[in-house]
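Thanks for coming. I will take this one piece by piece, starting with a term we need and then going through the parts of the chain.

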Amino acid sequence: MGSTVHDAIVVGGGLVGSAVALGLADAGRSVALLDEGDVALRASRGNFGLVWVQGKGLPLDGYAAWTRRSSDLWPAFAERLAGETGRDIAYQRQGGFHLCLSEAELEARALLIKRLHNQAGPDGYDCRVLDRDEVRQSLPGIGDAVVGGTFCPHDGCVNPLALLQALHSAGQEQGIAYLPGRRVDRIDCAGASFSVRSGAEVYSASTLVLAAGLANRPLGAWVGLDVPVTPERGQVLVTERAQPWLDVPTTYVRQMAEGTVLLGDSHEDVGFDTGTTVAVTEDIAARALRTFPALAHLRVVRTWGALRVMTPDGCPVYDASERHPGAFAISCHSGVTLAAAHASVLAPAIADGSFRNAFAAFTGQRFDVSAH
Ligand SMILES: Cc1cc2nc3c(=O)[nH]c(=O)nc-3n(C[C@H](O)[C@H](O)[C@H](O)COP(=O)(O)OP(=O)(O)OC[C@H]3O[C@@H](n4cnc5c(N)ncnc54)[C@H](O)[C@@H]3O)c2cc1C
């Protein structure tokens, strides 16, 4: 049986764990990043790659500002990753649109944005509601069905697979021991030390960060944390490559730097099923076609389903174990958007002991009715 000691162990090498591990290494910690591997289509490998601000925030005070903070950290973060790894992660922040296909949709969207403005107070919530003509000035290819939409200048996008690879590469440059193929099946807590087992191997550290996506729920139980995450499937379609025609991302249609077009944004409660269905992919394609009729000339070359790491209110759950100090669980459903803040703000707070105060609003105890 092999045994290795580090300052910190991060369980889960998806977007969340890799970003947190990088931040811990930046803070001078020796880090082991244990990952089960791509045995199912994880959120980090099946997402849409939006670095997205608009529409997020309402259920939880502080979430809109946290998202915006990450969005503001992203340009420097992307530059850092590109500089350290030589990888092009195709990050852009040229703003983004949410497009509406009926007056009812537009009204509901405008109401949401108004409520976000009210929640933000004097800080403001930088997102505008646009009529059809205003949308058309930026997106001349919209179809007749588009009645308007919203635009946020802080939105952007990235190539999510390139981002994941860049996080791994940058982490390894920083000395992180990235250990794929390690499924953590047991955690023992003894005093100020955690022993994490993967088969016959044991890894020990005084800091343990659970960032295993949907597996945070069963893993959290080992360290006294009740992590309320459930799967929510999203299906995505990708077309063949096309000449550049959509240089600004929208919520459910975006063109990647290499020319393919992603179509998506379905939400289904189907347990852990990562399959695809004709009914949902047809709906996604139909809506995309009504939005951008020129898509009719492109062939869809692949579809996939991936599971969001969903919390009860859709906002992040960040927790520190009271029973076992030194253990943390980080779960969220916007791991692309929040990657910059996870590496640059959240991880340093774990390292310097300020996490509990800094992230009190994000604890899962907010769902505990007996606590209110
Ligand atoms: C269809 C879709 C579209 C999305 N679009 C966007 C978007 O546009 N913008 C955005 O910000 N977010 C988006 N998301 C959400 C984003 O992808 C997730 O928030 C993020 O990927 C979650 O990352 P994670 O690392 O927490 O989880 P995961 O990606 O699930 O990764 C968890 C990792 O933990 C590992 N693991 C699991 N169990 C164990 C174990 N026992 N031992 C060791 N390792 C383990 C797994 O191997 C995996 O690598 C989207 C998600 C989906 C599904």
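Two strands are said to pair if DSSP finds at least two bridges between them. One such bridge puts V129 opposite T150, its partner in β7. Before going further, note that this is a predicted model.

V129 and T150 belong to a piece of pairing where four bridges join β6 to β7, residues 148-152, and the two strands run antiparallel. Which sheet do they sit in, and in what order? It is an open sheet of three strands, ordered β5-β7-β6, and the pairing is antiparallel. The edge strands are β5, at 96-100, and β6, at 128-131, each of which pairs on one side only. From one strand to the next, the twist averages 25°. Helix α4, residues 103-120, packs on this sheet and touches β5, β6 and β7. The direction of α4 makes about 135° with that of β5.

Now the domains. The domain assignment gives domain 1 as three segments, 3-82, 160-228 and 314-366. Domain 2 is 96-152, and domain 3 is 230-310. How far apart are the centres of domain 2 and domain 3? Taken over C-alpha atoms, 21 Å separate them. On the domain 2 side, 14 residues are in contact with eleven residues of domain 3. The size of an interface is often given as the accessible area lost when the parts come together. For domain 2 and domain 3, the buried area is about 990 Å², with 60% of it on carbon and sulfur atoms. Which residues of domain 2 lose the most area to domain 3? They are F97, L99 and L101, which together account for 42% of what that side buries.

On to the other sheet I want to show. This one is open, has six strands in the order β9-β3-β2-β13-β19-β18, and its pairing is mixed. Its edge strands are β9, at 177-180, and β18, at 317-320, each pairing on one side only. The twist here averages 15° from one strand to the next.

Let me stay with β13, residues 207-210. T207 and V209 point one way from the strand, L208 and L210 point the other way, and all are buried. What does β13 pair with? Strand β2, residues 8-11, is joined to β13 by four bridges, and these two run parallel. Across that pairing, V10 stands opposite V209, and V11 stands opposite L210. β13 also pairs with β19, residues 327-331, again in the parallel sense, over three bridges. There, L208 stands opposite A327 of β19.

Helix α9, residues 339-352, lies across β13, β18 and β19. Relative to β19, α9 runs at about 160°.

That brings me to a single residue, S70, in helix α3, residues 63-85. Is S70 buried or exposed? S70 is buried, because its relative accessible area is 0% and the cut-off for buried is under 20%. What does the side chain of S70 reach? A polar atom of that side chain lies 2.7 Å from the backbone oxygen of T337. The side chain of S70 also reaches the backbone nitrogen of A341, at 3.1 Å. Leaving out residues up to four places away in sequence, S70 touches T337, L338, A339, A340 and A341.

Last, two backbone points. Most residues other than glycine have a negative phi. A90 has a phi near 55°, a positive value in a residue that is not glycine. A90 lies in the loop between α3 and β5. A90 counts as buried because its relative accessibility is 17%, and buried means under 20%.

The other one is D265, with a positive phi of about 85°, and D265 is not a glycine either. Where is D265? In the loop between β16, at 261-263, and α8, at 278-291. With a relative accessible area of 35%, D265 is partly exposed, since that class lies between the 20% and 50% cut-offs.

That is the end of my list.

Notes. Residues numbered from 1 in each chain as written. Predicted model: local features only at pLDDT ≥ 70, side-chain atom pairs only at ≥ 80, totals over all residues. Heavy atoms only, no water. Buried < 20%, exposed > 50% of the residue type's maximum accessible area, 1.4 Å probe, protein only. Polar contact = N/O pair within 3.5 Å; in protein donor to acceptor, adjacent residues only side chain to side chain. Contact = heavy atoms within 4.5 Å. Axes fitted to C-alpha atoms, helices over the stretch in contact; angles between N-to-C directions. Domains from an automatic or database assignment. Buried area = accessible area lost by both parts, 1.4 Å probe.
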